[in-house]
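Reader: I'm new to this one and keep tripping over the labels people attach to it. Could you walk me through where they come from?

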Amino acid sequence: MLLQFLVIPILLLSLMATRLPISRSITFHFQPICFPKPRTQFPFYPYASLKSHPCPLWSSSFSLCLLRPRSNAVPKSTIVKRRHGSCTPVRSSSGSASSTVSGSTHAGMDSDSESNPLLGEFYFPPFDSILAKHVRPGIRALLKQLELELEELERTVEPTWPKLVEPLERIVDRMAVVWGAVSHLKAVKDNAELRAAIEEVQPDKVAFELKLGQSKPIYHAFKAVRESHEWDTLSDARKRIVESHLKDAVLSGIALEDDKREEFNKIEQELAKLSQKFGENVLDATKKFEKLITDKKDIEGLPASALGLAAQTAVSKGHENATAESGPWIITLDAPSFMAVMQHAKNRTLREEVYRAYITRASSEDMDNTSIIDQILKLRLEKAKLLGYNNYAEVSMETKMATVEKAGELLEKLRSASWDPAVRDNEDLKIFSRNQGAPEADNLNHWDISFWSERLRESKYEINEEGLRPYFSLPKVMDGLFSLAKHLFGIDIEQADGIAPVWNSDVRFYSIKDSFGTPIAFFYFDPYSRPSEKRGGAWMDEVVGRSCVMSPDGCSARLPVAHMVCNQMPPVGDKPSLMTFREVETVFHEFGHALQHMLTKQDEGLVAGIRKVEWDAVELPSQFMENWCYHRDTLMSIGKHYETGEAIPEDIYKKLLAARTFRAGSTSLRQLKFATLDLELHTKYVPGGSESIYDVDRRVSQRTQLLPPLPEDRFLCSFSHIFAGGYAAGYYSYKWAEVLSADAFSAFEDAGLDNDEAVKQTGRRFRETVLALGGGKPPLEVFVEFRGREPSPEALLRHNGLLQLA
């Protein structure tokens, strides 16, 4: 999941993940694999991870799924105290949303702060009021004030929780919420003025965070806490906070000599700048491509939904009379348009043109990311060397469950399990396309794989993905998802539009309530693609984290707020957004992330929700939720025809279930290619050496792809996960966490998926452990508390059809 795609400073990174020694002992034990059956592949384009969302790369921009944490203060004037001491924001007496600026200003800020929405105290960010012109003065004034607060903290700090951690959390919180709001708008409402403003103030922001992360008075105070006689009396959560801060301070360069620390800080500044530019280039290159089509025979095969979208795009580009039936139509590289062409266009020439445009995005002219990648890898290696590591992957693994060796071992075991099934997948496709009379059957190329895979899937399982769209309208899917959440976790989700300002009229706002009807969390949902201003992909991020330190007066804790962002096909004409099954999985996936943030019961703000959950475990709840898309009762509840209300036929459900393992080996290899390439670039690649980044890509592809990449393939130039997000030397996390999530879902299978009471009990246990404990305990301990044992990969291989059980 991300918006700003900036380098996460170490102090804010400390909100995310810290590896404790126990996590290093984890080992996944594999069983022998016998005649594996293929796993589902949803073939749309060659670089799809096809798990769910773009998280694992099935977005148009390979966007990061999960963002860094953020949080806000709550204006006292808009708080109503509720049962059990929790608090709920409400509308102000004026009728405006409760998140509007309270009117108060911080000491040290000039009078202009009253007119700058970034500088007031708010619970829900004033997304409808923040403009580019507010960014420069707002961020500078905020940094000035936070500098004063940091100086005061350093002067008065003591090794106690009230004198150390609480004031530190307030500083981090204020910076995170304001910068988070600005960065979020850049991701969903991008424009040149906002970019320029962020670029100008970003160095100041990074410098402040480096100063905060390298504060020796704060560091020594944490060390004193760690060495005090009271250490053994601290809770697990507080011990995690202390230990992670000490580790992250070292990773932020606090132990370096002055000249080396100055060099380290320059590297951090440059990496922040390069990462931002990388993401902007990907967005701009994606937006730049437009293919105008006027002859209907050139887009034969495209389903009605895709034709409607293409015509709607043409209207937005000035072709006022464009219609789905007669055109003209505009094809773009945005995910819904691109995937429709790769899967359904009979015009092989069109598929090739669009494919070549896609794999060469951000690789030419002033949007070329090649030199940026080289610089990023060079600087990351220099940073690692300064810190005393051999390579950047070793730095990355300091805040993860795995080691470089353990990650590589898992990837190789999965690769060997996937290779032979992928070979059979390839042969099946050749035979099928030959039987269909395809002239390219004996020479299938990258732009043929998704097209013929979809035809084979339709033939084998009699499932037409586009034909299923009418059964998956967004309103019905959300209703079914919320019903599932109520059944599993005992929560109610209600639409609450109007409480919080939104950045686009399509954005919905929801309240989550407990069994007493008391609100416990909120979230925004932005579902539709807007290629002119919105970054591709799907992601979840914090807006506000649960925290007792940041709670309003008289409240036990501040309630968490999240946002979920997707990029599915918008409504066309008078039809609602009709979703593909993959888009359904995407929504379930992102909602899993949001649930871990929103259902946390951890009151220590620095380890609440997703904070301090190791990066290679953070995909557990999201991938866990995807499994429910194949659960019969759940699928029947979301699969309702948008016009007739008819439930999806039973035979189609059975076919979807059977097709789940279609082309499993091929799907797995794609994901393993990304993860292996990521590790290779961050362990063995030598910037400026004899191998280029594209040489490394081709070398890795020899072991992970049956069809070698084209000579001009520049996929790396749009690999935002690792060059503009938090997955550098961490893309393996999807597979690592997939082992955990599949094993977690197998607990429900063991209990009996048809046993409602057993499912409820298991769901409550999942909520009280995986979703509630946050980063207050190491993820391995949390998993064992839920499952009763350490994880095994057997469930993952079984779900994927790569393990035949007796």
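Reader: What makes the contact between K273 and E270 a salt bridge?

Author: In this predicted model, the N-to-O distance between the side chains of K273 and E270 is 3.7 Å. The cut-off is within 4 Å, so the pair qualifies as a salt bridge. Side chains of opposite charge can pair when their charged atoms come close.

Reader: How do you know that K273 and E270 are about one helical turn apart?

Author: Both belong to helix α7 (residues 258–288), and they are 3 residues apart there, which means a separation of about one helical turn.

Reader: And are those two buried, exposed or something in between?

Author: K273 has 47% relative accessibility, so it is called partly exposed. E270 comes out at 26%, so it is partly exposed too. Partly exposed is the band between under 20% for buried and over 50% for exposed.

Reader: What about E427 and K430: what makes them a salt bridge?

Author: Their closest N and O atoms are 4.0 Å apart, and the pair counts as a salt bridge. These two are 3 residues apart in helix α13 (residues 404–435), so about one helical turn separates them. E427 is partly exposed because its relative accessibility is 39%, and K430, at 25%, is partly exposed as well.

Reader: How many salt bridges does a search of the whole structure find?

Author: It finds 62.

Reader: Which parts of the chain does the salt bridge of R787 with D743 link?

Author: The closest N and O atoms of R787 and D743 are 3.2 Å apart. This pair links distant parts of the chain, with R787 in helix α26 (residues 779–787) and D743 in helix α24 (residues 733–751), 44 residues apart. Both R787 and D743 are buried. Elsewhere, R348, R351, E440 and D448 are joined into one network by salt bridges that share partners.

Reader: Why is A737 called buried?

Author: A737 has 0% relative accessibility, and buried means under 20%, so the label fits. A737 sits in helix α24. Its C-alpha atom is 5.0 Å from that of A617, although the two are 120 residues apart along the chain. Setting aside neighbours within four places in sequence, the contacts of A737 are D616, A617, E619, L620 and Q623.

Reader: Why is α3 called oblique to α5?

Author: Helix α3 (residues 161–188) and helix α5 (residues 216–227) pack at about 130 degrees, with axes 10 Å apart. That angle makes α3 oblique to α5, because it lies outside the perpendicular range of 65 to 115 degrees and is not over 145, where roughly antiparallel begins. The crossing of α3 past α5 is left-handed. In the contact, L164, V165 and L168 of α3 meet I218, A221, F222 and V225 of α5. The contact residues divide into 7 nonpolar, no polar and no charged.

Reader: What makes R663 and A729 worth a look?

Author: Most residues other than glycine have a negative phi, and most peptide bonds are trans. R663 is not a glycine, yet its phi is positive, about 55 degrees. R663 lies in the loop between α20 (650–658) and α21 (664–683), and its relative accessible area is 4%, so it is buried. A729 also has a positive phi, near 55 degrees, and is found in the loop between α23 (720–723) and α24. A729 is buried because its relative accessible area is 0%.

Reader: Which residues does the cis peptide bond join?

Author: G327 and P328, with omega about 0 degrees. P328 is in the loop between α8 (304–316) and β4 (329–331).

Terms used. Residues are numbered from 1 along each chain as its sequence is written. This is a predicted model: local features need pLDDT of at least 70, side-chain atom pairs count only at pLDDT 80 or more; totals for chains, interfaces and linings use all residues. Side-chain values use heavy atoms; hydrogens and water are left out. Axes are lines fitted to C-alpha atoms, for helices over the stretch in contact, and angles run from 0 to 180 degrees between N-to-C directions. Helices (H or I, at least four residues) and strands (E, at least two) are DSSP runs, numbered from the N terminus. Angles under 35 degrees count as roughly parallel, over 145 as roughly antiparallel, 65 to 115 as roughly perpendicular and the rest as oblique. A crossing is left-handed if the near helix is turned anticlockwise from the far one by less than a right angle, and right-handed if clockwise. Contact means heavy atoms within 4.5 Å. Ala, Val, Leu, Ile, Met, Phe, Trp, Tyr, Cys and Pro count as nonpolar, Asp, Glu, Lys and Arg as charged, and the others, Gly among them, as polar. Buried means under 20% relative accessible area, exposed over 50%, partly exposed in between (1.4 Å probe, protein chains only).
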